[in-house]
Amino acid sequence: MRADTARNDARRRQSAEGEAAGHAGRLPAVLSGPWLVPGHDGRLIAYAQVDQAVLRWTERSPGGPDWTGPDVLPAEGITELTVAQGRNRYVQLLGRRVRDGGDGPPAVDLVYAIQYQAGRPLSEWRSVGNPHGKRERTAQMGAPAAAVDTAGALHVFVATAEGHVAMRREDASGRWEPWLDLKVTAALDVPAAVATSTGHVELLAPTSTGALTWYQRSPGAVPERGHDLDVVPLPGSVTAVETSPGRVTYYLTDLVGAGIVAVRPGEWPVPIGGNPGDGRHAALATTLDGYPCTVLAHRDAGGRIVLGVCVAEDERNGVWWTDTGTVCQGDPVLARDGRGRVVVLAVAGDGTLTLARQEDGPGLTLGDWISI
């Protein structure tokens, strides 16, 4: 049985590798992603989930421009994926895995794998389990969210079949604590989690009538309910970013408001324009011309990548939007490369992975888009 399984895994891997190579740069259908994160040595790493695999590209040197890949990382049965990273630069891949249940309901759990160094192999996939006591309920479990705190502990969040939000996390020695029910009954869609530089983890969970938040009074504490936000997030649109030390801003498309809003717990939402499409907003804290700023990116209603820039936490005084003219599939992502430049990555309209970097000079001006 084990030999048959190994042969089947090898066939699937070879098939995925052949498909990735045979498209002359064009990807197989992307199920989720892409993601873009800095490795331990300053090289950027890009990921995209395809059927039964995760594709990975790695910069040859910090700051580019050349890349290696795609490497094919087997991910059998994983239907949803998210990527998180801590200060140690380890990359945590967390997925929702579905396996055949035979005559019964499918077996669904959450699994994770770790990449410790840029360009190196991925660890084996390990199960985090699931928060449901009855197997027939696990199929209704949502997609996971993840955050890694300053101590390196992975926090896993998921909306359950009953509309609860469940959390499981590693303790100080790296062992998994039991599942914790965060005591709500109306959660919908994927939560948005973020770890701050002060050691805290915060969370937003969308509902049909608003948005719920949690915070930690101290690093490692049990999350407590925070302010409910006066917004109704479009499913899949929420992102969270630390915009000043220990302070989180959520960016989302508000279904009952004026398009994209910026909102911080305890404050009124601020409409910021942007003509959004139906996807998630990317947000990056960086410094431009000596000022702390937030860079935003999304796919607009016409399918093009749009960038926004504002002074950190000063959205009321305006977000400057720029239509890049580049069409993309899915959502663009943002990162800073080894030289501190802003990088935008997306799946282009022709199915290739496309990237543009910040050029030297004042403000935020992108160079040419290139395929990797």
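A residue is counted as buried when its relative accessible area is under 20%. By this criterion, in the predicted model, six of the six residues of strand β14, which spans residues 201–206, are buried, and the strand is therefore largely enclosed by the rest of the structure. The side chains of β14 are directed to two sides: Val201, Leu203 and Ala205 point one way, whereas Glu202, Leu204 and Pro206 point the other way, and all are buried.

Strand β14 has pairing partners in β13 and β15. With β13 (residues 192–195), β14 pairs in the antiparallel sense over four bridges, and within this pairing Ala195 has Val201 of β14 as its bridge partner. The hairpin of β13 and β14 has five residues between the strands, and Gly199 takes a positive phi near 95° in this hairpin. The pairing of β14 with β15 (residues 211–215) is likewise antiparallel and involves four bridges. Here the bridge partner of Leu204 is Thr213 in β15. β14 and β15 form a hairpin with four residues between them. Trp214, which falls within the range of β15 (residues 211–215), has Arg225 over its face, at 5.7 Å from the ring centre.

Aromatic contacts were examined next. Two aromatic pairs are present in the structure. Tyr90 and Tyr116 form an edge-to-face pair, with a centre-to-centre distance of 4.8 Å and an angle of 85° between the planes. Tyr90 is located in the loop between β5 (78–85) and β6 (91–99), and Tyr116 in the loop between β7 (107–115) and β8 (126–129); the pair therefore ties together parts that are 26 residues apart in sequence. Tyr90 has a relative accessibility of 33% and so counts as partly exposed. Tyr116, at 39% relative accessibility, also counts as partly exposed.

The rings of Tyr112 and Trp176 have centres 5.5 Å apart and planes at 70°, so this pair too is edge-to-face, given that an angle over 60 degrees is required for that class. Distant parts of the chain are linked by this pair: Tyr112 belongs to strand β7, Trp176 lies in the loop between β11 (165–169) and β12 (180–181), and the two residues are 64 residues apart. Tyr112 counts as buried because its relative accessibility is 8%, which is to be read against the cut-off of under 20%.

Key: Residues numbered from 1 in each chain as written. Predicted model: local features only at pLDDT ≥ 70, side-chain atom pairs only at ≥ 80, totals over all residues. Heavy atoms only, no water. Buried < 20%, exposed > 50% of the residue type's maximum accessible area, 1.4 Å probe, protein only. Pairing = 2+ DSSP bridges. Phe/Tyr/Trp six-rings, centres within 6.5 Å; stacked < 30°, edge-to-face > 60°. Lys NZ or Arg CZ within 6 Å of the ring centre and 35° of its normal.
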